[in-house]
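Got the viewer open and a few minutes to spare? Let's walk through this one together, selection by selection.

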Amino acid sequence: MSSSHGSAPAPHSAEDVAAEVRTYLTIFGALAVLTLLTVGVAYMNLPHAAGVVVALVIAALKVFLIATFFMHLRAEGHLIKGTLAVCVLLLLVLIVFVLPDLGLHPIEEIERIESSHRPSIYHHVGEHAADAAGTAGHEAAAAPAHGAAEAH
Amino acid sequence: MSTQVAETSTGISHAKLGIWTFLASEIMLFGGLVSAYVILRSGSAHMAIPPREMMGVPLATFNTFALITSSVTMVLALAAIKVNDMKRFARFIGMTIGGGILFLCIKSYEYNHKWHEGITLSSNLFGSFYYTLTGLHVIHVIGGILLLLYILVTGLNGAYDAHNHERVEAAGLYWHFVDLVWVILFPILYLL
Amino acid sequence: MDTHGHGHDAGHGHGEPTSFWRKYVFSVDHKVIGIQYLITSFLFLLVGFGMMMLMRYQLAWPSPPDDFDPEKMSLVRSTIAKIFGDKMEYGFMRPDFYNQLGAMHGTIMIFLGVVPLGVAAFGNYVLPLQIGAPDMAFPRLNMMSYWVYLVGGIVMMSSYFAPDGFPQSGWTSYAPLSIVAPPGQTVWCIAMVIIITSSLLGSINFIVTTLNMRAKGMTLGRMPVFVWAQLVTAVLLLLAFPVLEAGALLQLLDRVAGTSFYIPKDMMYGSTVFPAAGGGNPILWQHLFWFLAHPEVYVLLLPAMGIVAEIIATNTRKPLFGYREIVGSMVLIGILSFVVWAHHMFLSGMRTSLANLFVTTTLTISVPSVAVLTCLLLSLRGGAIRFNTPMLFALAFLPMFGIGGLTGLPLGFAPTDLHLHDTYYVIGHFHYVVAPGSLAALMGATYYWYPKMFGRKMNETLGKIHFWMTIVPMNFIFFPMLFQGMWGMDRRLADPTLQWHNLPVQGWSVIMLFAACVLLLGQIPFLWNFFWSLRHGEIAGENPWNATTLEWACPSPPPHGNFVTPPEVHRGPYEYSVPGHKTDYWPQDEAA
């Protein structure tokens, strides 16, 4: 009786299951093509940004196919879909909020840091402060983290 | 003793709701690590990315196929149990386990190869992330194989039929998730 | 099997467990597991409290005065010197031992004390009863969660035996200090991964139970506030903890496997370059840590809010003011708590635009918190209040949490935070939230649900002594911290008097020590009361407080399987003093 309680009543008739199997095989074909496609695109050596976008779009598409058809997300109710949406949203929050702090350094700046071979104790501060310097002059002076104690 | 699940308030069985809740936390675990990778990949001036030849893309592509195929055989096994076809069920679960083991074999060859090429856990930041992310994934693959072995053994003893396959479904969801993680790890570690 | 057939893990019937071990130790009954959690977390609270007493003693007299004579030490000082040997020579603490106690006090109190008490102990015991379920959805998982927690706690404590003792990098374990720290820190990382695993098992169980095992008629809108609080808390734990697990894993690898996730290029350690490839970023740890640890603050708080709502509704004999608003605010708090974490990091050098974003979200989250507090306050209006011990604790929660919340606002603004960050002001602020706030509510919960757990009430007189000897000294400990912090006294210093600007506020530390001693004495009546009442307390019936929620509809203590007949819910959770009803309370399961 268990499976008859899901939001999608399990079909169980032979024809339905056969149709299901056809869907699975189609999805398998799509996944295979997408895998070859993403590898092929990688070898085309597109400009970096374009390459990243294409690879991520294809990966997202594959994730979508697996989740929707293999994991039967299509047939699930709002509760499970909502939970997953919350997870994805939280991860986006994590990445989007942290990237401007620690990631996404302009290329020139990275090169500048690399070219200035400073074997200094403050090298790692410089890496971070160089980013902050552009927008937040007064905060750039603050050492990271537990620098507070030394500041006094 | 029956494994029948009575009515629940949401209409979703405990097993299914439980496994999805668990997967939500797994998403956050892998998501946290991947976020750390993305952040440092774009933010660190010292993450030397090995050339694509060193990464062995063809072998990794083959490995991707191994996992995708095992995902398909998993849903086929579920479809088989829905019509009480025990023979096909056992065969497809066996193939799924085989796909997982093939993946592990190739992975161990890859680790060995890369380590000798100089990509090690501590050689640089990329190596650290490569082994951490794929290593955690490998642990999940091993866990999945053990889970599927349990399903196979209990299945052969007649624990599941057309009306009672909650656990097969739950194990399948976990296995697809493992596949899904690899689908994300493959491009961000090998191709970009 | 029970007739109603609530879904159960296969193979778990409701036959009485037979042996002592199955019944009291390796039990799968949510009530036994809840009491196991209760006792274990109280023990851990006591351990953390003991560490705090030592630290306060050190802070009161941080260094030997000029005329110090080792021959004429006070009894206390010589005893402490004898017990701790070279860690506290002449009773003065070695700075690294102070760091160890500080790190362990925070870790124990939060991860092993208050969260297990609020979430696992009362959640386990009360939640299934309040929704009318015979047990949790996955009883064996529940048992596993307790034992994994216990193992995690023991592993954490065992770090004492590592070379150089306990971890020393604070409960926040900031990199790169935590990467170069002595081996105790490795144990910390491992223990954290274990504790997080236990917590994840628990939260999966709570979520599935709450959603799936509600009694007939128990719609989401009829769930008691405490159940809602537990549900939101479980979701927070489920989604925030894995990120810290990832972070702790990376820290562990940095320490033992030579990776450099948190180690910058060419980091100097001592006089040499730290032997790692480098290229990582220590600030990344802060982001991953606080992504968990801010929701964690609400994990400490939400169950307390739920408890206070229950106690206030019962003891004012009137419905809660704004049930829907309280529940909605709690859900909103849960959502917003994920987007405020970087307000702990204003001093890390983040760009101003990002800091502004987090200032905004931080001030936004104070709105639902104030909404809950206001609703609870307005619930008192016009009520026929019964001033029993649980109610006293619940009433004390309101102003105490108010102080804790309001003192948080200056920390949410980046400009004021730059001055107050890492001072005693921060310590005062969050202790107001957690100690006289959450912990007081949890003590109230102990008095409130004790009759359900053991069938007897706790003694009221002892309870009131305990109440006054807890709340008053707590204020004498935590309020002076706010002065000290505004004066500029930094936290985590074994000897603040080394910085001369701290001398004028040093005297408060002596007062705080005496207050802490009173607080310690105040817990004796509680412990005595707890054990004495097991046998001698006033016998409580099913419903000693004349309350409406479902946990009072089953025998005290409830048998295995809880309800004699599966309850059916007919109305909302707080139907008190309904005009025309024969009593001033109308239980949820009473047929109309």
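## Stop one: where A meets B

Start by selecting residues 78–102 of chain A, which form helix α3, and residues 14–43 of chain B, which form helix α1: their axes come within 9 Å and cross at roughly 20°. Keep in mind throughout that this is a predicted model. Angles under 35 degrees count as roughly parallel, so α3(A) and α1(B) are roughly parallel to each other. Their crossing is right-handed.

Now show side chains. On the α3(A) side, the residues in this contact include I80(A), L84(A), L91(A), V98(A) and L102(A). Facing them from α1(B) you'll find, among others, W20(B), I27(B), M28(B), V38(B) and G43(B). Color the residues of this helix-to-helix contact by class and you get 16 nonpolar, 5 polar and no charged.

Next, widen the selection to everything chain B puts against chain A. Here 44 residues of chain B are in contact with 49 residues of chain A. Which elements of chain B give two or more residues to this side? They are α1, α3 (57–82) and α6 (166–191) of chain B. The largest share comes from α3(B), with 11 residues. By class, this side of chain B has 25 nonpolar, 15 polar and 4 charged residues.

## Stop two: chain B on its own

Hide the other chains for a moment. Chain B has 6 helices and 0 strands, so a cartoon view should read α-α-α-α-α-α along the sequence. Its C-alpha trace spans about 60 × 35 × 20 Å along the principal axes. Of the 192 residues in chain B, 56% are buried. Look at contacts between residues at least 6 apart in sequence, and 80% of them join residues at least 24 apart.

Switch to coloring by pLDDT. Chain B averages 92, and 97% of its residues score at least 70. Helix α5 (residues 125–156) of chain B has the highest confidence, at 96, while helix α2 (residues 52–55) of chain B has the lowest, at a mean of 85. Then select residues 1–5 of chain B: pLDDT stays under 50 there, and the model has 12 contacts for them beyond four places in sequence. Where pLDDT is low, the predicted coordinates should not be read in detail.

## Stop three: across to chain C

Bring chain C back and keep α1(B) selected. Add α7(C), residues 184–212. α1(B) and α7(C) pack with their axes 9 Å apart, at an angle of about 135°. That angle makes α1(B) oblique to α7(C). This crossing is right-handed.

Which residues of α1(B) meet α7(C)? They are H14(B), L17(B), G18(B), T21(B), F22(B) and S25(B), and their partners in α7(C) are L200(C), I204(C), I207(C), V208(C), L211(C) and N212(C). This contact divides into 7 nonpolar, 5 polar and no charged residues.

Zoom out to the whole B–C contact: 38 residues of chain C are in contact with 32 residues of chain B. On the chain C side, α7, α8 (225–256) and α9 (282–316) each supply at least two residues. α8(C) gives the most, with 9 residues. By class, the side of chain C that touches chain B has 22 nonpolar, 13 polar and 3 charged residues.

## Stop four: backbone oddities in chain C

Switch to sticks for the last stretch. Go to A175(C) and P176(C): the peptide bond between them is cis, with omega near 0°. P176(C) is in the loop between α5 (139–158) and α6 (177–180) of chain C. Another cis peptide bond joins S556(C) and P557(C), with omega about -15°. You'll find P557(C) in the segment after α16 (503–536) of chain C.

Now for phi. Y90(C) has a positive value near 55° despite being a residue other than glycine, and it is found in the loop between β1 (88–89) and β2 (92–93) of chain C. Is Y90(C) buried or exposed? Y90(C) counts as exposed, because it has 12 C-beta neighbours inside 10 Å.

Finish at R492(C), a non-glycine residue with a positive phi near 60°. R492(C) lies in the loop between α15 (460–487) and α16 of chain C. With 19 other C-beta atoms within 10 Å, R492(C) is partly exposed.

Key: Residues are numbered from 1 along each chain as its sequence is written. Chains are lettered from A and ligands numbered from 1 in the order in which they are written. Two residues are in contact if their C-beta atoms, placed from the backbone, lie within 7 Å. Helices (H or I, at least four residues) and strands (E, at least two) are DSSP runs, numbered from the N terminus. Ala, Val, Leu, Ile, Met, Phe, Trp, Tyr, Cys and Pro count as nonpolar, Asp, Glu, Lys and Arg as charged, and the others, Gly among them, as polar. A residue is buried if 20 or more other C-beta atoms lie within 10 Å of its own, exposed if 12 or fewer, and partly exposed in between; C-beta atoms are placed from the backbone. pLDDT is the predictor's confidence in each residue, from 0 to 100. Axes are lines fitted to C-alpha atoms, for helices over the stretch in contact, and angles run from 0 to 180 degrees between N-to-C directions. Angles under 35 degrees count as roughly parallel, over 145 as roughly antiparallel, 65 to 115 as roughly perpendicular and the rest as oblique. A crossing is left-handed if the near helix is turned anticlockwise from the far one by less than a right angle, and right-handed if clockwise.
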